[in-house]
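Let us walk through this model together, one region at a time. Keep the viewer open as you read.

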Amino acid sequence: MSPLSPRETGFVPLNSPGTHEDGIALAPMRSNMSTGSRKPTQTVSIMESSEESDEKGRSIKGGRRKQASNLKRSDTGGDVELNAMGRLYSKVIGFSPIMRYFVYIVPVALMLAVPIVVLIIMDHRSDIFVGTGKNKAHGPPLFKLFVWIMISWLTLWAGKIVAHTIPVVFLFLCGVVSSGTRKYATVLRNLEIPLSLFFWALASWISFKGMFNFYDSIGVSWVDIMVKILLSAMICSAVYLAEKAVVQLIGISYHQRSFANRIKDSKREVYLLGLLYDASRALFPMYCPEFEDEDYIITDSINLMLAGNKKRGNVAPMRIIGDVGRLGDKVTSVFGNIASEITGKNVFNPNSAHSIVVEALERTKSAEALARRIWMSFVVEDKDALFPEDVQEVLGPNYKEEADEAFSAMDNDGNGDISLDEIIRKIVDMSRERKAITEGMKDIGQALRAFDEVLTFCVFVASIFIFVLVFQAGFSTTLASAATSILTLSFVFSVTAQEFLGSCIFLFVKHPFDVGDRVEITSTALIVDKISLLYTVFHRLDKNQVVQVPNIVLNSLWVENVSRSKAMNETIDLNVSYDTSMDDIELLRQEMENFVRNPANSRDFHPDFSIGLFGVGDLDKLQLKVTIKFKSNWHDEKVRAARRNRFIVALAAAVKKIPLHGPGGGGEALGGPTNPAYSVAVTDDFAATARAAAAKAKDHGRMVPLEPDNDVPVFDISGDPATRPPPSPSGSYMRNDWESTAPSRKESRRGLRTAGQSAPAAPAMTLSTPTPPPQRLSVESRRNYDEEAQLSRSRTAQSQTQPTRSATNYTTIPINSPYEDSDAVRRSKSSRH
């Protein structure tokens, strides 16, 4: 007897079976923490007691509600009273196939045999003729015509029997050769009626030609007409068989490609889940105090929670109703166990683990309760994760392979342990997948039926042409006129035909999505709700609205299927200040790598993390690309949003911690509390000279100077002797570049400023110490001065011998970098007397 049988509940400690610890027996208290309820030594054990003794030996609260047998749905039409013919038909269709065929064939065959018997008795088998031929020749005897009708009736059922046995013979002969060919047996089984019609038409035509070929040659008109009718019917049945075969092949290939593997995986997951639930029931019986709430939700019984609070006064009547329902389940289980012993399968057993799991997966709430019960019954107390050894310990050594497979199926992130949220998310996904498979198969079935109806109409039109071709000798003239009419109508139906063919190719050949998939079309997130032959219905996530799109439009669009994708990545753009160093970027990478490798986050993110420098903008920022590598796809928007939000918060914290500044730098604006400024007054000549010095220093700072050397000296506002920048060393980049591009030093027009060298800083000036410009300034070097500066210099040159108060310029210079950047100087013109 299997240790996972639902009738074997309870546990026996491994250390001291059959004994109890001394002391006060404390009742276990249920907590809301995500920790397990299983004792460290608690496993599934074999109990010899039956389910009835277990129920009597335990105090179980409540039970599963069972609907009373006398309850019926109202306003649904009710049961229709059958008359005598209806009751007879109901009995006939309940017979075995041989009995049904006997009932179908014999009565009609007896009716058809009456004229044959009468003609034999009356001895008129060859003296009653039907029609005349050429030269008044006698037509075929009436007796032979009735015999052919009898043969035609019998060949109808013979063809049906042959069509019914073809799949069996095909499996016997070809099924052992290749397992892939076994799917065609399903196609042959679905083609039973078209095959029967084809065999019937073929047998009728061959038998009629064999019995009445002579009368056709002597010109009996009705025989010629019957031959043409049977020939046309045989050709039409062949075309109809081909059309049905094409539809069945498309359906079976579509099913194999889209649903076969999904159904197989879903069945296997349900089996493993039933195995885990059965072991959970063996450890903690149903409706035990630890899992009372979960069991009521799983079995869809009366909820003891009323308006959020437990009203203990109502527990007694609810418990009575629940116990009555559970008693009915036990009675049903008795008959189910008897039937299982006979058939070897679970038959109408509502207490089987498989039945409960399948029922629980129909609803999200019961699926979550099932996940909580399994996880908390397998995890050891005070632990917050489920490990492979826990599953192996509970299931035992006989189910080691199943335990490993079940753990691998539940461990989506592959980190070696399963949390409560992870198993809830997995089992809810299993429930959603089963619903999606059901809805998808239903929608595709409807689309195939619509496709079949269109092709059947085409077969009907083709059958008309076949009859015309067989009956008319001048078919070419008729075909030409028909083709002209069809060509005229093609301008009307061309768009419809194009849409139909394009939709068929999109749906049955390309098949980019299934029902329930999350897709992105033209950067819009959508959920597939329904698939039809000519259109698809989506649920738009951003606006929460229903969208219907023709398949012919989707045929030319780029469809990104998120649900079919594996682990997905996301790239976030991060723009930082232009002067950010690589050391700071490396610090950011290390901080975020520590975040994704943290055990609390390793369930959601891959440990690989990368930051790439994408660009520099307009030389005003560094553009970084931060790549997030999730461990799952984005099918569940809530899960994806929660993970992404957690990552963004960690990224923002790391940026502040380093810190990294945005474009423009992180310093305070000029004049702020930490970056004060003051104003000084200088003369116009001094300001012009300083601008010239800054311009020349800026030009010398270029790799290739724009201005040649001239007689304008670099004005040293600090009072030091004018110095020229020292030449670059012979091994520097600038020196090598100059030597490789210029033939000689005299012909070179490039500077020799040392890398990092800038113009000397100017001291703060006051209003009382204006400094006159130097005497060696040339006119050519003054072309960059503004009009006010030129006028000021001309007035100064005229009155050099008479020094007076001159016009001054007021400039605002920051304290932390006095007069280093001429672009940061703000001038204002004023006059002093």
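## A three-stranded sheet and its helix

Strand S8 and strand S10 (residues 621–629) run antiparallel and are joined by 9 bridges. Within this pairing, Val 576 faces Leu 622 in S10. Please keep in mind that you are looking at a predicted model.

The two strands belong to an open sheet of 3 strands, arranged S8-S10-S9 with antiparallel pairing. Strand S8 (569–577) and strand S9 (610–615) lie at the edges with a single partner strand each, so one side of each has no neighbour in the sheet. Ignoring direction, neighbouring strands here are turned by 30 degrees against each other on average. Helix H18 (residues 637–657) packs on this sheet, where it touches S8 and S10, and its direction makes about 25 degrees with that of S8.

## A five-stranded sheet

Another open sheet has 5 strands in the order S6-S5-S4-S3-S7, again with antiparallel pairing. Its edge strands are strand S6 (545–550) and strand S7 (559–561), each of which pairs on one side only. From one strand to the next, the twist averages 40 degrees.

If you follow the sheet to its S7 edge, you find strand S3 (residues 518–521) pairing with S7 in the antiparallel sense over 3 bridges. One residue pair to pick out there is Ile 521 with its bridge partner in S7, Val 559.

## Salt bridges within a helix

Now to the charged side chains. Side chains of opposite charge can pair when their charged atoms come close. The structure holds 29 salt bridges, and a few of them are worth a visit.

Asp 404 forms a salt bridge with Lys 400, with the closest N and O atoms 3.3 Å apart. Both residues sit in helix H13 (residues 400–410), and because they are 4 residues apart there, about one helical turn separates them. How accessible is Asp 404? Its relative accessibility is 28%, so Asp 404 counts as partly exposed. Lys 400 also counts as partly exposed, at 44% relative accessibility.

A second example lies in helix H14 (residues 420–471), where Arg 432 and Asp 429 are 3 residues apart and therefore separated by about one helical turn. The closest N and O atoms of this salt bridge are 2.6 Å apart. Arg 432 has a relative accessibility of 33% and counts as partly exposed; Asp 429, at 28%, counts as partly exposed too.

## A salt bridge between helices, and a network

Which residue forms a salt bridge with Glu 192? The partner is Lys 160, and the closest N and O atoms are 3.6 Å apart. This pair links distant parts of the chain: Glu 192 is in helix H6 (residues 192–217) and Lys 160 in helix H4 (residues 142–174), 32 residues apart. Glu 192 counts as buried because its relative accessibility of 17% falls under 20%. Lys 160 has a relative accessibility of 22%, so Lys 160 counts as partly exposed.

Salt bridges also join into a network, which links Arg 262, Glu 433, Asp 514, Asp 517 and Arg 564. It is a good set of side chains to display together.

## A buried threonine

Next, have a look at Thr 683, which is found in strand S11 (residues 677–683). Is Thr 683 buried or exposed? With a relative accessible area of 6%, Thr 683 is buried. The side chain of Thr 683 reaches the backbone nitrogen of Phe 686 at 3.2 Å.

## The chain as a whole

Stepping back, the protein chain contains 21 helices and 13 strands. Of its 833 residues, 37% count as buried. About 48900 Å² of the chain is exposed, and carbon and sulfur atoms supply 59% of that area.

What share of the contacts with a separation of 6 or more comes from residues 24 or more positions apart? Such residues account for 69% of those contacts in the protein chain.

Technical notes: Residues are numbered from 1 along each chain as its sequence is written. This is a predicted model: local features need pLDDT of at least 70, side-chain atom pairs count only at pLDDT 80 or more; totals for chains, interfaces and linings use all residues. Side-chain values use heavy atoms; hydrogens and water are left out. Buried means under 20% relative accessible area, exposed over 50%, partly exposed in between (1.4 Å probe, protein chains only). A polar contact is a pair of N or O atoms within 3.5 Å; within protein, one must be able to donate a hydrogen and the other to accept it, and residues adjacent in sequence count only if both atoms are side-chain atoms. Contact means heavy atoms within 4.5 Å. Accessible areas come from the Shrake-Rupley method with a 1.4 Å probe; for residues, only the protein chains shown count as cover. A salt bridge is a side-chain nitrogen of Lys or Arg within 4 Å of a carboxyl oxygen of Asp or Glu. Two strands pair if DSSP finds at least two bridges between them. Axes are lines fitted to C-alpha atoms, for helices over the stretch in contact, and angles run from 0 to 180 degrees between N-to-C directions.
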